[in-house]
Amino acid sequence: MTGLITLFALALSLSVDAFAASLGKGAAERKIGLLDAARIGAVFGGMEAVMPLIGYTIGIALASWVAGVDHWIAFVLLSAVGLHMIWEALSGNIEADFDDATNSVAPGMARKGPKWLHLVLAAFATSIDALVVGVSLAMMDVNIIVAVVIIGCVTAVMATMGVLIGRKAGERLGHWAEVVGGVVLIAIGSLILWQHLTAAG
């Protein structure tokens with residue numbers, strides 16, 4: 001069974017996209033209150049919990065096909081997501097702005113439609129990585145319900161904090177959070193592979 005510490009580390013890593021987008025939201029709307037910040041956090045957390053559950057279902061469907069190399073798949077998927085996060089942060093392409101996250105999945109929508117739709121689209125955009133990670137969770141000894149609850153709750157807290165911090169801080173913090181999150185995902189993938197190889201040996 002994957003430990004709680006590992007799950008919390010995974011959750012923190014997955015939450016940095018939502019944190020970064022929330023920083024942009026807080027910076028753009030400096031008068032936003034705690035209740036509004038919590039609502040935004042809840043939407044991000046809910047989406048971040050649903051996506052790995054979908055990925056996990058996909059992974060379970062493929063489990064019988066990849067049983068012999070499941071540890072390698074988990075390592076590759078987690079490392080790929082981690083490297084992508086680091087690349088985005090270092091290249092300056094991180095979608096730390098709320099509107100940019102919305103436009104990434106629905107071009108031109110950031111300035112149109114109701115605000116709740118913008119929020120849902122931004123939450124979806126920042127949780128796509130969690131879908132991929134969800135597939136890797138199916139290759140691990142993990143209680144998926146516990147995992148998604150932790151991921152959702154941690155993301156909700158991080159996104160809420162992002163909105164509140166964004167009122168006073170710039171977006172640079174989002175870049176550094178993305179780098180750290182990417183490194184942690186790679187470390188978790190490497191740990192899973194190392195544990196399997198040493199156990200097999």
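Which helix is Leu62 found in? Leu62 sits in helix H2, which covers residues 34–66. That makes H2 a handy place to start walking through this model, which is a predicted one.

Stay with Leu62 for a moment. Its relative accessible area is 42%, so Leu62 counts as partly exposed. Leu62 also has company: together with Val50, Ile54 and Ile58, Leu62 makes up a nonpolar patch on the surface, and the four share about 310 Å² of accessible area.

Now look at Glu48, another residue of helix H2. Is Glu48 buried or exposed? Glu48 is buried, because its relative accessibility is just 1%, and anything under 20% gets that label. Leaving aside residues up to four places away in sequence, Glu48 touches Leu14, Thr126, Ser127, Ala130, Ile151 and Thr155.

Helix H2 is also home to a charged pair. Side chains of opposite charge can pair when their charged atoms come close. Here, Arg39 forms a salt bridge with Asp36, with 3.5 Å between the closest N and O atoms. The two are three residues apart in H2, so about one helical turn separates them. Asp36 itself is partly exposed, because its relative accessibility is 36%. If you go hunting for other salt bridges, you can stop here: the structure holds one.

Just before H2 comes Gly33, in the loop that links helix H1 (4–28) to H2. Gly33 has 27% relative accessibility and so counts as partly exposed. Follow the chain for 130 residues from Gly33 and you reach Val163, yet the C-alpha atoms of Gly33 and Val163 are separated by 9.1 Å.

Next, the inside. The largest nonpolar core has 45 residues, and those with the most contacts within it are Leu10, Phe44, Leu78, Val133, Leu137 and Val142. Which helices supply at least two residues each to this core? They are H1, H2, H3 (70–91), H5 (115–126), H6 (128–137), H7 (144–166) and H8 (172–200). To see some of these contacts up close, pick Leu137: not counting residues up to four places away in sequence, Leu137 touches Leu10, Pro52, Tyr56, Val142, Ile144 and Ala147.

Finally, a look at the record. An unreviewed UniProt entry places the feature "transmembrane region" at residues 116–138, 144–164 and 176–197. Take the span 144–164 in the model: it is 100% helix and 0% strand, and its end C-alpha atoms lie 30 Å apart.

Note on methods
Residues numbered from 1 in each chain as written. Predicted model: local features only at pLDDT ≥ 70, side-chain atom pairs only at ≥ 80, totals over all residues. Heavy atoms only, no water. UniProt positions renumbered as here; feature names shortened; annotations may be inferred. Helix = DSSP H or I, 4+ residues; strand = E, 2+ residues; numbered from the N terminus. Patch = residues over 30% accessible without salt bridge, like charges linked within 9 Å, V, L, I, M, F, W, Y side chains within 5 Å. Areas by Shrake-Rupley, 256 points an atom, 1.4 Å probe, with all protein chains shown as cover. Salt bridge = Lys/Arg side-chain N within 4 Å of Asp/Glu carboxyl O. Buried < 20%, exposed > 50% of the residue type's maximum accessible area, 1.4 Å probe, protein only. Contact = heavy atoms within 4.5 Å. Core = buried A, V, L, I, M, F, W, Y, C linked by side-chain atoms within 4.5 Å.
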